[in-house]
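Visitor: Thanks for showing me around today. Could we take a look at the model together?

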Amino acid sequence: MENSTVDLSAIERVEAARTAHLTAGAKPAKVLAHDVNVYYGDKHALQAVNVEIPDRGVMAFIGPSGCGKSTFLRCINRMNDTIASCRVTGKITIDDQDIYDRSLDVVQLRARVGMVFQKPNPFPKSIYDNVAYGPRIHGLTANKAELDEVVQSSLEKAALWNEVKDRLQDSGTGLSGGQQQRLCIARAIAVNPDIILMDEPCSALDPIATAKVETLIDELRSNFCIIIVTHSMQQAARVSQRTAFFHLGTLVEEDSTKTIFSNPKDQRTQDYITGRFG
Amino acid sequence: MTVVYFTALALLTLTAYVLASRRSVALSATGVRMHSLPAYHGLLAISLVIAPMLLIWAVGTPLVSQLAASNALTNFPAEIRNDALQAGSALREIKNLAAGQHSGDVSDALRAATDTYSAWRTSGNFLLLIIGLTAALAGIATSLRMVSGQFRARNHFERIVRIVLMACAGVAVLTTIGIVASVLTETIRFFFDPNIKGRPGILDFLFGTEWNPQQAMRADQGDIKSAYGFVPLLTGTLLITAIAMCVAGPLGLLSAIYLAEYASPRMRRYAKPVLEILAGVPTVVLGFFAALTVAPYIRGWGEALGLDVASESALAAGLVMGMMIIPFISSLSDDVMNAVPQSLRDGAYALGATKSEAIKQVVLPAALPGIVSAFMLAMSRAIGETMIVVMAAGLAANLTLNPLDAVTTITVQIKTILVGDQEFDSAKTLAAFALGFVLFFITLILNIIALRIVRKYREQYD
Ligand SMILES: Nc1ncnc2c1ncn2[C@@H]1O[C@H](COP(=O)(O)OP(=O)(O)OP(=O)(O)O)[C@@H](O)[C@H]1O
Ligand SMILES: [Mg+2]
């Protein structure tokens, strides 16, 4: 552990949360972060983050810009590996398996942890090929018929099938912004991940497309563990069951969404959700 | 004279700007709301000075020397005046004498002619200066009169800018058209002018398998049908280009992938310029490297394997030419791959793609149009390259696809034909134009194919 200032109170909170779950008979955590620190070169971007993310359901990360939400999200599928200057310490487990363990294959990890980005980034390929990309590289389907089925069901789950079923061979980049984002979601769920990370998935969308994506998230949450970063407090309140508030590189408070928005424990959370800063 | 004219132009330009913008400033100081900023009134005034003065100079100067020359020649007898050759040499003498560079005896007629010539030129140029100055002053006056609150100097200047830019683009286009037209006329003469001795028919040229213009020089005894067969040149060109592309294509593309995707930024910073230096090596140097270093090696290896290798071979030239065009492919492909947005790579990685999968399935397809044009550019370079081939592949027009033989290319033959003293209406010289035209045609076709490919993938991938 690089960092000596371990945030004891945070650990206590996590422990409390864990016992709370146990007593409530809830399922054990899907993702568990313990004392996670992230550095970009010399910049200490995330400090001693401890959090427990339950399986099935939506967890929202909120907080002012630059507080490290995306950074933490990218730790969970190790996308930070692609940034040369970035260094992660601490421990993150998914299903009790340490994802920063040497023996773990990051390619397999990312097949289990899908990601949807802030800006829709469909590949410059046909709609069909976009969705089929993941199943193809992981060899998930045995033949064309199965692949067709996966593509159709993913597009259906992403609420896009009806709009594109007659033009699956058209380019994915020719869709509207909202359709592109749903295509990216379909692409992510086509590999049947356990967890879907979404980094401000609606920030480039208009209210109608946003509503569609939110409905979609609501439907997906019974099958997936979804973690969503958002700047919209209303959105967090609408789609998530639990919310974590980040501030200046620390995780300030994590609780059920209702509690965070009605009765936060920390003054900073209170200030943020009432719009006093950020 | 020219100096005086352009000094006047510069001074008047300055004056025009200062006067017009001052006037505009003064006007706005009196409370008039100006549509355009003072600078635009000034710039418009400048245009009204420069445009007429340049026009007058461009039209007037040739006119004056024309007039001076024809008047000077009246001092000579009619038989000299009417013979183009003699008139030309007389005119040259007049000009030399006027410039004080004449050596030898000076006849009375020549002296008189030179005096006339100088007199006409001096007064003509003086007249030009007067006209130019008048026009410029009129321009300044007009622009000053136009300065007012509602006058849209900014919009008018915008229009002038557009015309100037259009003229510049026009020069480039017209030059190209001019070159093509001149090559085309000479080519047509080569094939159809009945006055040219020893010219071949079009079909003999396009499908003949023997190239031997030296033989056609002695037109009466040479077998003309077999002198200008273009096929061996074409196969030679294609053979060497193919070898060069076999070397440069994979090496260039793979090093581009390394530079763009795998190399650390530091490595890239150093490796890329070093690779680009390769493109800056003069082709003469590469040529003797090919002839003196590479060719003997190939010959040695070939003989060790029991192959019959010519001392100058297509392989040697092709290999070195391949080295030369690697940077065109690697550097351009590297640039286009870098331009592929990081978000696309992230998308692939987030789905669990490995690095090479992401490159192969996402980055390369997205960069394909750019990569194709890089290849086409490299190929045009290879087809147009002369020096390496002259030195390493020889001059013998063998019709062969064996890379170990000596071959020759279109460009090399153009060069061979045009080196040395020329008569410009012999079939041999005109053959160079025909070759040039064919070369132009081939590169044109290549470009069209490239554009097609690019467009096809653009449709598919954007
Ligand atoms: N690639 C990087 N290199 C260096 N520093 C970075 C990098 N990415 C992020 N940072 C820094 O880390 C901190 C956290 O950034 P992060 O992107 O996680 O913020 P965020 O909470 O997602 O903000 P936003 O809401 O604006 O997206 C910021 O101070 C940022 O400057
Ligand atoms: Mg972010």
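Guide: Gladly! Two residues are in contact here if they have heavy atoms within 4.5 Å of each other. Please keep in mind that this is a predicted model.

Visitor: How many residues of chain A are in contact with chain B, and with how many residues of chain B?
Guide: The contact cut-off is heavy atoms within 4.5 Å. On that basis, the partners on chain B number 20 residues, and those on chain A number 23.

Visitor: What area is buried between chain A and chain B?
Guide: The size of an interface is often given as the accessible area lost when the parts come together. Carbon and sulfur atoms give 63% of the area buried between these two chains. The total is about 1,700 Å².

Visitor: Which three residues supply more than any other three of the area that chain A buries against chain B?
Guide: Their joint share of the area chain A buries against chain B is 30%. No other three residues supply as much. They are Pro124(A), Tyr133(A) and Ile137(A).

Visitor: How many residue pairs are in polar contact between chain A and chain B?
Guide: Salt bridges do not contribute across this interface, as their count between chain A and chain B is 0. Polar contacts are present, counted for pairs with both residues at pLDDT 80 or more. The number of such pairs is 4.

Visitor: Which elements of chain A each supply at least two residues of the side that touches chain B?
Guide: By class, that side of chain A has 12 nonpolar, 7 polar and 4 charged residues. The elements that each give at least two residues to it are helix 3 (106-112), strand 6 (113-116), helix 4 (127-137) and helix 7 (177-189).

Visitor: Why does the salt bridge of Arg238(A) and Glu214(A) tie together parts that are apart in sequence, and how many residues apart are they?
Guide: Side chains of opposite charge can pair when their charged atoms come close. In this pair, the N to O distance is 2.7 Å. Arg238(A) belongs to helix 9 (residues 233-239) of chain A and Glu214(A) to helix 8 (residues 207-220) of chain A, so the bridge links parts whose separation in sequence is 24 residues.

Visitor: How many salt bridges does the structure hold over all chains?
Guide: The pair of Arg238(A) and Glu214(A) is a salt bridge, while the count between chain A and chain B is 0. Over all chains, the number of salt bridges is 21.

Visitor: Which helix of chain B gives the largest share of the lining of the largest cavity?
Guide: Rolling a probe the size of a water molecule over the atoms shows where empty space is left. The search finds 2 cavities of 30 Å³ or more, and the largest has about 40 Å³ of space. Its lining has 6 nonpolar, 2 polar and no charged residues, and both helix 2 (38-73) and helix 5 (108-146) of chain B supply at least two. The largest share, 3 residues, comes from helix 2.

Visitor: What is the volume of the second largest cavity?
Guide: Residues lining this cavity include Thr237(B), Met321(B) and Glu385(B). Helix 9 of chain B gives the most to the lining, with 3 residues, and the classes are 5 nonpolar, 3 polar and 1 charged. The volume is about 30 Å³.

Visitor: Which lining residues lie nearest the centre of the largest pocket?
Guide: This pocket holds about 500 Å³ of space. Its lining divides into 11 nonpolar, 5 polar and 6 charged residues, and helix 9 of chain B gives the largest share, 4 residues. Of the 22 lining residues, those nearest the centre are Thr82(A), Ala260(B), Glu261(B), Ala263(B) and Lys355(B).

Note on methods: Residues are numbered from 1 along each chain as its sequence is written. Chains are lettered from A and ligands numbered from 1 in the order in which they are written. This is a predicted model: local features need pLDDT of at least 70, side-chain atom pairs count only at pLDDT 80 or more; totals for chains, interfaces and linings use all residues. Side-chain values use heavy atoms; hydrogens and water are left out. Buried area is the accessible area (1.4 Å probe) that two parts lose on being put together, summed over both. A salt bridge is a side-chain nitrogen of Lys or Arg within 4 Å of a carboxyl oxygen of Asp or Glu. A polar contact is a pair of N or O atoms within 3.5 Å; within protein, one must be able to donate a hydrogen and the other to accept it, and residues adjacent in sequence count only if both atoms are side-chain atoms. Ala, Val, Leu, Ile, Met, Phe, Trp, Tyr, Cys and Pro count as nonpolar, Asp, Glu, Lys and Arg as charged, and the others, Gly among them, as polar. On a 1 Å grid over the protein atoms alone, a cavity is a set of points where a 1.4 Å probe fits but cannot get out, and a pocket is an open set with protein on both sides within 12 Å along at least five of seven lines; lining residues have an atom within 4 Å of a point. Grid points are joined across faces, edges and corners, and a volume is the space filled by probe spheres set on the points.
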